[in-house]
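Subject: Structure handover

Hello,

Here is the structure I said I would pass on. Please look through it alongside the notes underneath.

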Amino acid sequence: MEKVRKILVHLSKENAAPQCARFVQSITGHFVGSVEDQATVSCSLENNRFILCDRMCDGGVPLKRAAFYSLPPDTLNRGVDVGVAVLLQSANQRLLLTRRASSLRIFPNVWVPPGGHVELDEKLLDAGLRELKEETGLKLSPDEISSQLLGLWESVYPPMLSRGLPKRHHIVTYILLKSSQSHLQLQACLRPDPAEVSACVWVDAGLVKVVVSAVDGEKDSVQIPTELPQTISVTEVSPHGELIETSLPVSVLCNRAPDHGEDIERVSTGTKFALELWLKTLEPHAEMS
């Protein structure tokens, strides 16, 4: 038997045995075809296999891909990797986002939640807490937080063929972590790794609603409500790890993914999907259920 080297996505449909997904295969399309961009699936991490299937006992979780994403028909013998991203919510309902360092090859200067790969024999929550500590310096134990799986995002980089053939293909699991500490208490413990993070910001629901309204692939202008400030306080991370308080125009967080050319500073498309799911958890009926 071939030794397992990393955790890969496996797919099961209509009670079939789980099969390893191919790198060029659309995971979302496997469940809903080529027309729709969202499916509802169940997921589990079993024996170092991340299994997605269409059998649901608990209502399932949403799986989504970008509407503009596509893959070439070339056959590559590569699997689909598994990643985890942590939406850390403070006691006063702020969320932590980080800006990826400009030196990173994948999505540089893009705002995302802390996250990364799931390692062999790790549980999703453990992987999320490890990545949170490695990227931000925040060390939280499972008994300090409550957690909830929000949804799955099919991520391809580059996201469009106009920027080159895909180099990365992941299923990203978005996990909501609720802390009993305020964002200022958590902020005091931040020690970001400058090799991975160039800035941090705490966002509230009002700002998030504006950010997710900037739907990637659409052309209409984003209206920033007059009651929102035009800038937001962010913590820049110097190359030596020093933290510098500065401000960022809110409009930067509302940038859309460009159709062609170089990428720009923005909130990633997958992150916007996760932020929309987070907003739903704040609705009154979600709190009561």
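The notes below cover the cores, two individual residues, an aromatic pair, the cysteines and a pocket. Please keep in mind that this is a predicted model.

Cores

The largest nonpolar core has 36 residues. Val9, Ile27, Phe50, Leu52, Leu88 and Ile171 are the members that touch the most others in it. Apart from this core lies another, of 35 residues, which includes Val211, Val212, Ile232 and Val252. As background, nonpolar side chains in soluble globular proteins tend to be buried together.

Leaving out residues up to four places away in sequence, Val9 touches Gln19, Cys20, Ala21, Phe50, Leu52, Val80, Asp81, Val82 and Ile171.

Val211 and Val212 also appear among the buried residues of helix 4 (residues 205-213), together with Leu207, Val208 and Val210. The cover over the buried residues of helix 4 includes strand 12 (197-203), strand 13 (231-237), helix 5 (250-253), strand 15 (266-267) and helix 6.

Two residues in strands

His10 is in strand 1 (residues 8-12). With a relative accessibility of 12%, His10 counts as buried, because the cut-off is under 20%. Its C-alpha atom is separated by 5.9 Å from that of Phe50, and the two residues are 40 apart along the chain. Neighbours within four places in sequence aside, His10 is in contact with Pro18, Gln19, Cys20, Ala21, Arg49, Phe50, Ile51 and Leu52.

Thr173 belongs to strand 11. Thr173 is buried, at a relative accessible area of 0%. Not counting residues up to four places away in sequence, Thr173 touches Phe50, Gly83, Val84, Ala85, Leu124, Leu149, Gly151 and Leu152. Phe50 is thus a contact of Val9, of His10 and of Thr173.

Aromatic pair

Searching the whole structure turned up one aromatic pair. The ring centres of Trp153 and Phe273 are 5.5 Å apart and the planes are at 35°, so the pair is classed as tilted. Trp153 sits in strand 10 (residues 145-157) and Phe273 in helix 6 (residues 269-281), so the pair ties together parts that are 120 residues apart in sequence. Trp153 is buried, with a relative accessible area of 7%, and Phe273 is buried too, at 6%.

Cysteines

How many disulfides does the model contain? The count is zero. As for individual cysteines, Cys20 is partly exposed, with a relative accessible area of 38%, whereas Cys200 is buried at 2% relative accessibility. Cys20 is also among the residues touched by Val9 and is in contact with His10.

Pocket

The volume of the largest pocket is about 860 Å³. Its lining has 38 residues, and those closest to the centre are Arg100, Ile106, Phe107, Ser155 and His170. Which elements each supply at least two residues of this lining? They are strand 6 (81-89), strand 7 (95-100), strand 8 (110-112), strand 9 (115-117), helix 2 (124-136), strand 10, strand 11 (168-179) and helix 6. Strand 10 gives the largest share, five residues. Strand 10 and helix 6, which each contribute to the lining, are also the elements that hold Trp153 and Phe273, respectively.

Regards

Note on methods: Residues are numbered from 1 along each chain as its sequence is written. This is a predicted model: local features need pLDDT of at least 70, side-chain atom pairs count only at pLDDT 80 or more; totals for chains, interfaces and linings use all residues. Side-chain values use heavy atoms; hydrogens and water are left out. A nonpolar core is a set of buried Ala, Val, Leu, Ile, Met, Phe, Trp, Tyr and Cys residues joined through side-chain atoms within 4.5 Å. Buried means under 20% relative accessible area, exposed over 50%, partly exposed in between (1.4 Å probe, protein chains only). Contact means heavy atoms within 4.5 Å. Rings of Phe, Tyr and Trp (its six-membered ring) pair if their centres lie within 6.5 Å; planes under 30 degrees apart count as stacked, over 60 as edge-to-face and the rest as tilted. Helices (H or I, at least four residues) and strands (E, at least two) are DSSP runs, numbered from the N terminus. A disulfide is a pair of cysteine sulfur atoms within 2.5 Å. On a 1 Å grid over the protein atoms alone, a cavity is a set of points where a 1.4 Å probe fits but cannot get out, and a pocket is an open set with protein on both sides within 12 Å along at least five of seven lines; lining residues have an atom within 4 Å of a point. Grid points are joined across faces, edges and corners, and a volume is the space filled by probe spheres set on the points.
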